[in-house]
Amino acid sequence: GSHVMPLMPVPLNTPVTGIYCLPLVSCTGFSLDSRGHFSSSHIDFFDNTAWDVVRNKAQEKAIEIIPRSQRGQLIATYSVIGRYAAQSGDLPAAERALKQAENAYIEAQKSGGRNQVPPDKLTAWQAKLLCGRATVDALRGQNAAAEDFTRKCLATAQKTPRLNGSPFIGIQYLDLSRLTMAQGRLGDAENEARAGLVWMQRMRGAGGPLTAQALSILSLVLSEQGRAVEAEQLARKAIELVQNGGGKAQGPVRVNLANTLAAQGKWGEAEKEIQGFIRNLSADPAAANRTLNRNPWLPIVLIKTGKAAEAAKSLTELVATRTAALGERHFSTAEARGQLGMALLETGKREEARKAFAGAVPILLQRSRESDRASRWASVSGLALQGEEVQQRRLLIRATGSPRMCDHAARPS
């Protein structure tokens, strides 16, 4: 570690994920035979739960050593941990990280004397804590509450020079764009995305990954508005910026291009982009799955390109993942189950599709994510579970909140 800190006993190949750069110590044991050859196996001495109590004490001692005035870094650390947990769909882990960040903020507020934290720094930490709360609420599907926290975060961040001159402000605008889009307020979503784009251009110029991220979000909003041709142009420009900066454009910007192509009914091109994305992230399939699992267009693209069985397999796994992380009756779980029903219907498994629809429709009718989805579901609730394929397609695609998807899904392949 870079500081004089307690030694942390860990198993071999443990990544450095803790705080304050605790020096990690590993220990392995092996034998030599009479010829001086190593034995075929070894023992990892610290790979045992008996050492957990020592690891906890080392972490507690590290926090004691760090002055109160410097413990605010915990807030940023736990906020990042919570954000990653939210992105992977792990709600309990995200909530634990948020609670730890809140405790660290309270500790920082109590500091006094030589260790007193400057008000400007406390304000910056408060903004990051509000951002963490917004992230967790968004994961719960409570987009109105998440929007409220994000706006408070933005207002707080604008009060401190530590953040007001940084991309952090632009990221909040882009988060507001996502949240208002999830609530069906596409005009507000476009305004927030453009504000984020202007901010990123002011901070980093016309090029760079942050500007590309803003362009990608704006393209997604325009696609939802039915302006797919404009959206495709912006999505391709975002990819160009990433590539000009030396990047491979293999992340969400590539998936956004696939979405804009799908919105125009260019199923083959959309499927090609998605497969390219999967190949580029073949070394990190978990990251690929996290991105694809949040993409409501993917099942439609697979079904339209004759891969309904593949869609059904992917959605079955997604339903299990969301059930474990979010619960059986969470809105996102119901969305995935409804889309699974649509895929099963395409493969001819009508009875299994009926069961999936029966589990999804009541929840989707009750919980609207604070958007206009409730009225959409109410308008078609009489069609639920009647068995007509076109009607079922319309019903389940409307669960994604995209009128454009509804139109495309109802068309024959």
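Is Lys307 buried, partly exposed or exposed? In this predicted model, Lys307 has a relative accessible area of 27%, and Lys307 is therefore partly exposed, since this value lies between the 20% and 50% cut-offs.

The partner of Lys307 makes a good next stop. The side chain of Lys307 meets that of Glu271 in a salt bridge, with 2.4 Å from N to O. This pair ties together distant parts of the chain, as Glu271 belongs to helix α12 while Lys307 sits in the loop between α14 (298–304) and α15 (308–326), 36 residues apart. Glu271 has a relative accessible area of 13%, so Glu271 is buried, whereas Lys307 is partly exposed.

The helix that carries Glu271 can be followed along the structure from residue 267 to residue 280. Helix α12 has 14 residues, and the span from its first C-alpha to its last is 20 Å, close to the 20 Å expected at 1.5 Å a residue. The buried residues of α12 are Trp267, Ala270, Glu271, Glu273, Ile274, Gly276 and Phe277. Glu271, the salt-bridge partner of Lys307, thus appears in this buried set.

Salt bridges occur elsewhere too: the structure holds 20 of them. One of these joins Arg185 to Asp188, whose closest N and O atoms are 3.0 Å apart. Arg185 is partly exposed at 29% relative accessible area, and Asp188 is also partly exposed, at 35%. Through salt bridges that share partners, Arg185 and Asp188 belong to one network together with Glu147, Arg151 and Glu192.

Another salt bridge can be found within helix α8, which covers residues 186–204. Here the side chains of Arg194 and Glu190 meet at 3.0 Å, N to O. The two residues are four apart in the helix, about one turn. Their surroundings can be compared through accessibility: Arg194 counts as partly exposed at 35%, while Glu190 counts as buried at 14%.

Charged pairs are not the whole story, and the surface offers a nonpolar example. Phe30, Leu32 and Phe38 make a nonpolar surface patch of about 360 Å². Phe30 is placed in the loop between β3 (28–29) and β4 (43–44). With a relative accessible area of 46%, Phe30 is partly exposed. That value is over the 30% required of patch residues, so Phe30 meets the accessibility condition for joining the patch.

Conventions: Residues are numbered from 1 along each chain as its sequence is written. This is a predicted model: local features need pLDDT of at least 70, side-chain atom pairs count only at pLDDT 80 or more; totals for chains, interfaces and linings use all residues. Side-chain values use heavy atoms; hydrogens and water are left out. The expected span of a helix is 1.5 Å times one less than its number of residues. Buried means under 20% relative accessible area, exposed over 50%, partly exposed in between (1.4 Å probe, protein chains only). A salt bridge is a side-chain nitrogen of Lys or Arg within 4 Å of a carboxyl oxygen of Asp or Glu. Patches are made of residues with over 30% relative accessible area and no salt bridge: like charges are joined within 9 Å, nonpolar side chains (Val, Leu, Ile, Met, Phe, Trp, Tyr) within 5 Å. Accessible areas come from the Shrake-Rupley method with a 1.4 Å probe; for residues, only the protein chains shown count as cover.
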